[in-house]
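Got your viewer open? Let's take a walk through this protein together, one selection after another.

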Amino acid sequence: MSWRDFFFPSTANRRKVRRGTLGSSLRNRGRRVMNLELLEQRAMFTAGPTFSVPTFVMDAASDTGVTFQTPTFNDNITNVTQPTLNGTVQDYTLGDSITINVYADANGDGVLETGVDTLLGSVAVPDTTVNNAAWSFVTPPAADLNQIGLGTDGLRTLFATATDNSDATVSAAATTPLFIDTNGPQITAVTYHNSGQNVFSTLPSGPQSNVTQIDVEFTDAAIRPADPTNFYGTYAPAQSTAKNSAVNQVLAAIPSNYQLVGAHGGIVPISSATFTDTTGARPGPGKSLVTLTFAQPLPSDTYTLTVLDSIQNDAGNALDGEPQSAASGYLPSGNGFPGGSFSGSFALQGGASLAVQLTAGVQFGSLANLSTGTSMVAPFYKPSDAVFAGNFPASNGVADGFSKLAAYGLSGGQFRFLFQNELTGAVTSVVSPVQLPAMPVAGHFDTTAANGDEIALFTGSTWFLLSNDLQSVKQIVSWKSQSGLPVVGDFDGDGMTDIASWQTVNQVGVQSGMLTISYASSGFSQIFQQPISLSFPGARARPVAVNIDGDNIDDLGLWLPDSGVPSTTKPADWYFLPSGGIPLSQHTTYNPIHYAFGSSVGLPLTGTFAATTATGVFPAAALVANPLSVSVTAPLGVSVGAKKPTPKPIAPTPTPVNMSVQGTAANDSFQLIAGSSPNTWKLIVNGVARTITSTTRTLNLDGLAGTNALTITGTGKDESAELWPDHVVFKSGNLTLLASHVSNVTVVGSGTDKVRFHDAPGANAFVARAGFAQLTGKGYSLTAQGYATVQAFSMAGAATVADFYEATAQAIVSNVGTVTTMTDKNISVEAMYFSKVQIHSPNGAVIKTFLAPPPPTGVSPVKVLPAIRLGAPVTPTKPKSSLVAAAGLSVSSSSKSSVGSPAAVDAAMASLYKTA
C-alpha cells in the first residue's frame with residue numbers, strides 16, 4: 001500500500017481506517033512511514049459520521065396561504081397533511097450513499113427519541129461526487145400528519161437524520177416545526193359592541209339603542225402551541241403583530257366582506273371593519289375579533305348579517321360559515337368543511353319610539369322607522385283612561401329597560417292603574433294610593449335604577465310622586481298657581497327624571513308656550529319657567545319627551561294635531577327640540593326635527609318599546625327633517641316653596657348655531673379652510689371671506705345654479721368626506737358641512753382621514769394612487785388629496801373604470817367578486833361594483849385587470865342619496881298602519897290597600913285638586 005492508499009483510501013481501506021486496523025497492517029508489512037502515529041490518530045479521529053446534519057424545509061407547493069399575500073406561502077402554516085420536504089446533506093467522504101430518516105415528534109418534547117417518535121419514512125441519497133447532496137421526501141399516505149395519533153391539526157415538529165449505508169452511523173437530528181390547519185375558521189359570536197349582548201338572542205336583556213358597532217368573533221380550532229416562536233409562524237401584515245390568528249387580518253378588515261341589510265331599511269353602509277387578535281392563553285385555538293362600524297346608529301328593524309367566505313385563515317382555508325338553525329342562534333357556524341358564507345337574522349329594538357292612544361288601540365312606530373309602517377295593539381283600557389308608558393319592573397321587581405303600557409282611570413268607584421304585559425298582553429289592575437282625577441306620567445324618581453320607573457300623578461298644580469310598589473305617596477310637590485300638561489324627562493343629563501309642564505299661549509298664526517320645570521337634583525324644591533316661541537301653528541299642542549339624538553339628555557317634543565282637518569287617517573305633526581348634549585336650560589335656539597305619525601284625533605305617547613308579539617316588530621323608515629325655527633328665552637328664576645335659597649347653578653356654555661350660505665345664479669367658488677384655533681374655520685365665497693365661529697355646528701352651503709366649485713382644506717385631525725356628483729357631506733370635529741349643487745369638488749386631508757366617492761349613471765372614471773384619488777364623469781369632478789382611506793362606489797348600470805396605481809412593489813391587491821382593494825404605503829383604497837379595475841405598477845404599466853360582474857337586476861349596491869336642496873321643505877310621508885289584535889287580556893284586582901284612603905288625606909288632596 002502506498003501513501004496514496006492512505007490519504008485517498010479505497011472503500012475497503014476506508015473501512016480499515018474506521019476499524020483502526022490499517023496502521024497494524026502497515027507495520028506487519030514492515031513499512032515505516034514518518035509520522036505514522038499521527039496518521040493513525042487522524043484515522044481514528046474520522047471514525048464518526050463522515051457527513052453533516054441534514055437541513056430541510058417544506059416545499060413551496062406544500063405551504064398554502066392567501067392569494068395575493070406572498071408571505072403566507074412561506075410561513076410553515078399549511079393545510080397540506082402530506083407535505084413534501086426538500087433538504088440537503090453534505091458528505092465528507094465522496095462516493096458514499098446516505099439514507100435520510102424523517103420522524104414526527106410524538107410526545108411534544110422537541111427531542112428526537114427514535115424509540116418513541118414516529119418514523120414517517122426514509123429517502124436514499126445516492127452516491128454522489130457533490131458535497132451538498134439534495135434530497136426530497138414526500139410524506140406517504142400512511143404517514144399523513146393528521147393520521148398518526150397526534151390529533152387533527154396543530155403543531156408538528158419534524159426531525160431528519162442521516163445514516164451511512166455502510167455502517168449505520170447516525171447524524172444528529174435537524175428540526176423543523178410545521179403548523180397544520182385543515183379547517184376553515186368559524187364564527188362563534190356576534191354581539192353588540194356597546195353591551196356585549198348576543199345579537200341573535202330571542203329575548204333581549206334590555207333595549208339596544210344607539211347601536212353603531214357590532215363585534216364578530218372568529219375561532220379557528222387548530223390549537224396554537226404555548227411556544228410563541230412556533231405559534232406565530234413567520235408572517236404578519238405590516239399593520240399588526242398578529243400572526244396565525246383565527247382569520248387573516250387583511251381579509252378580515254375589508255368592510256365589503258360583510259353585509260348588513262335591514263328588511264325595510266335596505267343596505268346599511270359599513271364604515272370600517274377593525275381587526276383585533278384575541279387568541280389569548282396558549283395552548284388554545286386561534287381567536288379574532290372584527291368590529292363593524294356603521295355610518296349611522298341602526299334604527300329598529302329586522303336585519304340580516306352576511307359574512308362572506310372570501311375571509312380565510314393564514315393557511316388559505318375559507319370561512320366555514322354555514323349557519324346553524326335560527327332556533328339555536330345560528331352559532332357556531334360551519335359544517336366542518338372550509339367554504340360557505342354565514343347569514344343570520346336578528347331584530348334590533350329599543351330605539352326611541354312614538355305611540356298614539358286611539359279608541360281602536362295603541363299605534364306604535366320606531367322614531368327612525370315611521371314612513372314605511374307601524375303596528376298596533378288592541379285597547380286594554382277604557383276610553384276614559386289616560387294611557388302612559390314607563391320602564392316598569394317585572395314580577396321580580398327588576399326592570400329590563402323597555403317601556404310598557406299602563407293606564408290610569410276610574411273603574412268601579414276607584415281610581416286604578418292597569419299594566420299590560422308586553423309579551424302576553426295580560427293586564428293587571430292596581431288600586432291607586434291617590435284617589436283623585438289626575439294625569440299620569442312615569443320616570444326614574446328614586447335612586448334605585450334596577451327597579452325601573454316610578455309613577456307620578458299631576459293634577460294641574462300638584463305632583464304626587466308614588467312609591468315604586470304603588471303602596472304610598474313618597475313626595476308631594478305643590479306648584480300652586482302653575483298649571484298645564486305634564487311632561488317628564490332627564491332634561492339636564494344627571495340620570496334622574498325631572499318634572500315639567502307645558503302651557504300653550506295662542507297667538508295669531510303661531511304658537512308659543514311656557515315650560516315650567518323642576519329638577520330632580522334640587523329635590524324638586526326649585527321651579528323655573530322657560531318661555532319658548534315656535535314658528536309653526538297649532539293650538540292643541542301636547543308635550544312629550546324622549547331621547548332622540550343618542551346623548552344622555554331627553555329631548556322636549558310637541559305633538560301638534562292642528563295642521564289640517566282632524567282625521568283618523570291624517571297623521572299628526574311631532575316637533576322635537578334635540579338637545580345636542582346641552583341641557584335644555586342652556587339653549588337659546590333650536591333646529592327642530594319633524595315627524596309625521598299617528599292620528600290627529602289620538603293622544604301622544606313616547607318610550608323605548610320592545611319589538612315583541614304584543615307590539616309587533618317596528619319596520620324601518622327615515623326621519624324627516626324640518627327647517628322651522630324655535631327660540632328659547634332665558635329661564636325665569638321663579639321659586640315656589642323653595643327649600644334651597646339659590647336656584648340650581650348652571651355653567652354657561654357657548655350656544656351652538658347653524659349657518660346657511662347660498663351662491664348665485666352664475667358660477668361660484670367656495671373655499672372652506674381650517675382656522676388657526678380649534679373648530680374655527682374660514683369660508684371664502686367668490687373671494688369674500690366669512691368666519692365660521694367655534695360655535696357653528698352645521699354649515700349649509702347651496703351653490704344654486706351654475707357650475708360651482710368647492711375646495712375644503714382640513715385641520716390635520718381625523719376627518720371624513722362623502723362626495724357625490726352634486727353634493728357633499730364633510731365632518732371635522734363638531735362641524736358638519738352639507739353642500740349641494742357643487743360639481744367640482746376638492747378635499748384636502750391628512751393622517752387617518754376617510755373619503756367616499758359615489759359616481760353617476762353613464763361613463764365615469766376613477767383613479768387612485770398614494771395620497772390622491774379622483775372620480776370624474778359627465779359634468780362633475782371629485783378629487784381627494786392626502787386621505788388614508790378611500791372607498792369608491794359605482795351605482796348599478798354605471799360604466800365606471802377604476803385605475804389603481806401602486807406606489808411600491810409591496811402593494812397588496814385583492815379582488816373578491818365585485819370588490820377590489822389595494823393596500824399600499826399606509827393607504828387603503830377600495831372600489832365596489834366597478835365594471836373594470838386596472839392595477840398599474842409603479843412605472844404605470846397595467847399588470848392586472850379585474851372585470852366585475854354587475855349587481856343583480858333591480859339591486860342597487862349602495863343606497864345613493866338623491867340630490868337635495870338643503871333648507872327646502874320636505875313633504876311628510878303618510879305612514880301605513882296595520883292592526884295586530886292582542887289576545888288573552890285578563891284583568892285582576894290588586895289586594896293592595898290605598899294609602900291615600902283616610903278621610904283626612906282625601907280631603908287634603910281634594911282641596912289641592914280644586915285649586916288647580
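Before you click anything, one term: two residues are in contact when heavy atoms of theirs lie within 4.5 Å. Keep that in mind for the whole tour, and remember that you're looking at a predicted model.

**Stop 1: the whole chain**

Show everything as a cartoon and colour by secondary structure. You should find 7 helices and 60 strands. Now think about contacts in the chain with a separation of 6 or more: 64% of them are between residues 24 or more positions apart. Of the 916 residues in the chain, 49% are buried. Switch on the surface if you like; the accessible surface of the chain is about 38,700 Å², and carbon and sulfur atoms own 56% of that.

**Stop 2: an open sheet**

Hide the surface and select residues 55-58, 84-90 and 132-138. These are strands of an open sheet, and its 3 strands come in the order β1-β3-β6 with antiparallel pairing. Which strands sit at the edges? They are β1 and β6, each of which pairs on one side only. On average, neighbouring strands here are turned by 20 degrees against each other, if you ignore direction.

Zoom in on β3 and β6: 7 bridges hold this antiparallel pair. To see one of them, pick T84 and look across to V138, its bridge partner in β6. While you have strands on screen, here's a handy rule: in a regular strand, side chains alternate between the two faces of the sheet.

**Stop 3: an aromatic cluster and a core**

Next, select Y192, F200, Y303, Y330, F342 and F346, and show their side chains as sticks. Together they form one aromatic cluster.

Now for the nonpolar cores. The largest has 46 residues, and L710, F757, F766 and F804 are those with the most contacts inside it. There's also a second, separate core of 32 residues, which includes F218, L292, L319 and F346. Yes, you've already met F346: it was in the aromatic cluster too.

Go back to the largest core and centre on F757. What does F757 touch, once you skip residues up to four places away in sequence? Its contacts include L723, F766, L775, L782, V790 and F793, and also Q774, T783 and Q791.

**Stop 4: two rings, edge to face**

The whole structure has 25 aromatic pairs. Select F766 and F804 for one of them: the ring centres are 6.5 Å apart and the planes are at 75 degrees, so this pair is edge-to-face. F766 belongs to strand β51 (residues 763-769) and F804 to strand β55 (residues 799-805), so the pair ties together parts that are 38 residues apart in sequence. Are these two residues buried or exposed? Both F766 and F804 are buried.

**Stop 5: from β55 to β60**

Stay with β55 and add β59: the two pair in the parallel sense over 5 bridges. Click on D803 and find Q838, its bridge partner in β59. Strand β59 (residues 836-840) is mostly covered, with 4 of its 5 residues buried.

Then bring in strand β60 (residues 846-851), which pairs with β59 in the antiparallel sense over 5 bridges. Here I839 stands opposite K848 of β60. The hairpin of β59 and β60 has 5 residues between the strands, and G844 takes a positive phi near 100 degrees there.

**Stop 6: a buried serine**

Select S814, which you'll find in strand β56 (residues 812-816). Why does S814 count as buried? Its relative accessibility is 9%, and buried means under 20%, so S814 passes the cut-off. Show what's around it: neighbours within four places in sequence aside, S814 is in contact with F68, I254, V819, T820 and T821.

**Stop 7: a covered strand and its partners**

Last selection: strand β42 (residues 681-685). With 4 of its 5 residues buried, β42 is largely enclosed by the rest of the structure. Strand β41 (residues 669-674) runs antiparallel to β42, and 5 bridges join them. Strand β43 (residues 688-692) also pairs with β42 in the antiparallel sense, over 5 bridges.

Finish on V685. It is the bridge partner of F670, and V688 in β43 is a bridge partner of V685 as well. In the hairpin of β42 and β43, there are 2 residues between the strands, and N686 takes a positive phi near 50 degrees.

Notes. Residues numbered from 1 in each chain as written. Predicted model: local features only at pLDDT ≥ 70, side-chain atom pairs only at ≥ 80, totals over all residues. Heavy atoms only, no water. Buried < 20%, exposed > 50% of the residue type's maximum accessible area, 1.4 Å probe, protein only. Pairing = 2+ DSSP bridges. Core = buried A, V, L, I, M, F, W, Y, C linked by side-chain atoms within 4.5 Å. Areas by Shrake-Rupley, 256 points an atom, 1.4 Å probe, with all protein chains shown as cover. Axes fitted to C-alpha atoms, helices over the stretch in contact; angles between N-to-C directions. Phe/Tyr/Trp six-rings, centres within 6.5 Å; stacked < 30°, edge-to-face > 60°.
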